[in-house]
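User: I would like a close look at one part of this model. Please keep it brisk and explain the terms as you go.

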Amino acid sequence: MSNDLMEKIVSLCKRRGYVYPSSEIYGGINSCWDYGPLGVELKRNIKEFWWKSMTYYRDDVEGLDASIIMHPMVWKASGHVDGFTDAMVDCKKCKLRFRKDEINGEVCPECGGEFTGARLFNLMFKTHIGAVEEEASTIYLRPETAQGIYVNFQNVLASSRRKIPFGIAQIGKAFRNEVTPKNFIFRMREFEQMEMQYFVRPETAEEWFDRWRDTRMQWYAEIGIKKEKLRLHEHDKDELPHYASRAYDVQYQFPFGWEEIEGIHNRTDYDLKSHSKSSGKTLEYFDGSNGERFTPYVVEVSAGVDRMLLTCLVDAYEEEENRVVLRLPPRIAPIKVGVFPLVKRDGMPEVAKKITNELRRHMKVFYDESGSVGRRYRRQDEAGTPFGVTVDSQTLEDDTVTLRSRDDMKQVRLKIAELPGKLTELIKVDA
Ligand code: ATP
């Protein structure tokens, strides 16, 4: 049943232009995916809502866009060169590779074969900078965006004239050579992260950690994810990553089980101190009010864009008797409204096209005149479009149209002139 649901979602994504296998004409490449016309819009909308929630709707977070390729010392200091590893085992018979922490028994779950001993495998992608391929020119593709924030802490502090507490937010690509990528876009080798690092006085870190946990759960509610499908998992001491004193995973109930979609960490002063030691530059904060100097603690909230997108799709997918419907919250739906002339004559297409062009300035619109209006509605239901506007013979007499809602399929009549205001309100485009 659960695999069945994932298969249906993967197939809908391909059919409707959400997600395609990367390099498909060459047979694809494991764990890399491309976003199609609808996928790219959904992704942008998710990122935009996160970005605005961090840097527009509050007054204590600045934005940053650091480069993917950084000085190799960054990854030495952060602990990634030595410690960003997964232990893996290979099946001697069928050659399949597994993460050691993901297997339960002593033998291969696929063929019953014997395993090799565990070997550590660094997840960072290595490449070379410049023309010479030698040890000294080795660089890494960043496995997380966070380090770009730490090394820019003093820059942002000075240029924005911030005082603690404040945060720095960043959205960008990260790369991990995962041992066992799987579950569609859940675990990829190239993915995007939305990360915010919040710098605080050490003695207030625990309080901010709890506050950010609540703020992030509130964000999931606002974006419209079902409450009962979300939970928090607090890490035991032995589960904690090396840089954190406390950690929560925000988990979602996917068809393949409860899995992490976001990590919330109290990273203490680990990263700033490591970079300070390694670079010889101070990353302390000076409190002008009392002359005190200290290294701030950091509370991190780190979410995956692609996992969030998968969460939205899984959460929205429903099958009804006569239709498949993606109940994506209007705020993030790729297309906000479909515009349809009831029939392809009597001047209806002209009026519908005019409405389409007027709405374009406010939101993503899709015009469709082919097939029965019922089929056109179904197509948009499956694509996740929350509203449909239909031009019929009455429109030609009194300038009114019907506005259909995807979720309850109810229709109301309103004046064409009222459409932009009404739709903007329903969609909460900028709320
Ligand atoms: P996991 O235990 O699933 O490997 P993680 O604990 O290593 O995840 P973090 O390092 O905390 O993950 O990364 C923060 C977020 O980045 C995750 O919650 C997830 O949403 C996203 N993320 C991490 N790795 C991947 C990946 N390979 N593909 C897609 N998203 C990812």
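How many residues surround the ligand, and which are the closest?

Analyst: First, two ground rules. Residues are numbered from 1 along each chain, as its sequence is written. The model is predicted, so local features need pLDDT of at least 70 and side-chain atom pairs count only at pLDDT 80 or more, while totals for chains, interfaces and linings use all residues.

Now the ligand. 16 residues surround it. A residue is near a molecule or strand if its C-beta atom, placed from the backbone, lies within 6 Å of it. The closest are Phe191, Gly263, Ser302, Gly304 and Arg307.

Where do they come from? Four elements each give two or more residues to the shell: β10 (190-200), β13 (257-266), β16 (297-304) and α9 (305-316). Helices (H or I, at least four residues) and strands (E, at least two) are DSSP runs, numbered from the N terminus. The largest share, four residues, comes from β13.

Next, the chemistry. The shell divides into eight charged, four polar and four nonpolar residues. Asp, Glu, Lys and Arg count as charged; Ala, Val, Leu, Ile, Met, Phe, Trp, Tyr, Cys and Pro count as nonpolar; the others, Gly among them, are polar.

Follow the chain back from β10. The loop between β9 (166-175) and β10 holds asparagine 183. Its phi is near 60°, a positive value in a residue other than glycine. Asparagine 183 is partly exposed, because 17 other C-beta atoms lie within 10 Å. The cut-offs are these: 20 or more other C-beta atoms within 10 Å of a residue's own means buried, 12 or fewer means exposed, and in between is partly exposed, with C-beta atoms placed from the backbone.

Step back once more, to the loop between α6 (153-160) and β9. Arginine 161 lies there. Its phi, near 55°, is also positive in a residue other than glycine. Arginine 161 counts as exposed because it has 6 C-beta neighbours inside 10 Å. Proline 165 lies in that loop too. A cis peptide bond joins isoleucine 164 to proline 165, with omega about 5°.

For contrast, look at strand β19 (residues 337-341). Five of its five residues are buried. Val337, Val339 and Pro341 point one way, and Gly338 and Phe340 point the other way. Two strands pair if DSSP finds at least two bridges between them. β19 runs parallel to β20 (residues 365-367), joined by three bridges. β19 also runs parallel to β21 (residues 387-391), joined by five bridges.
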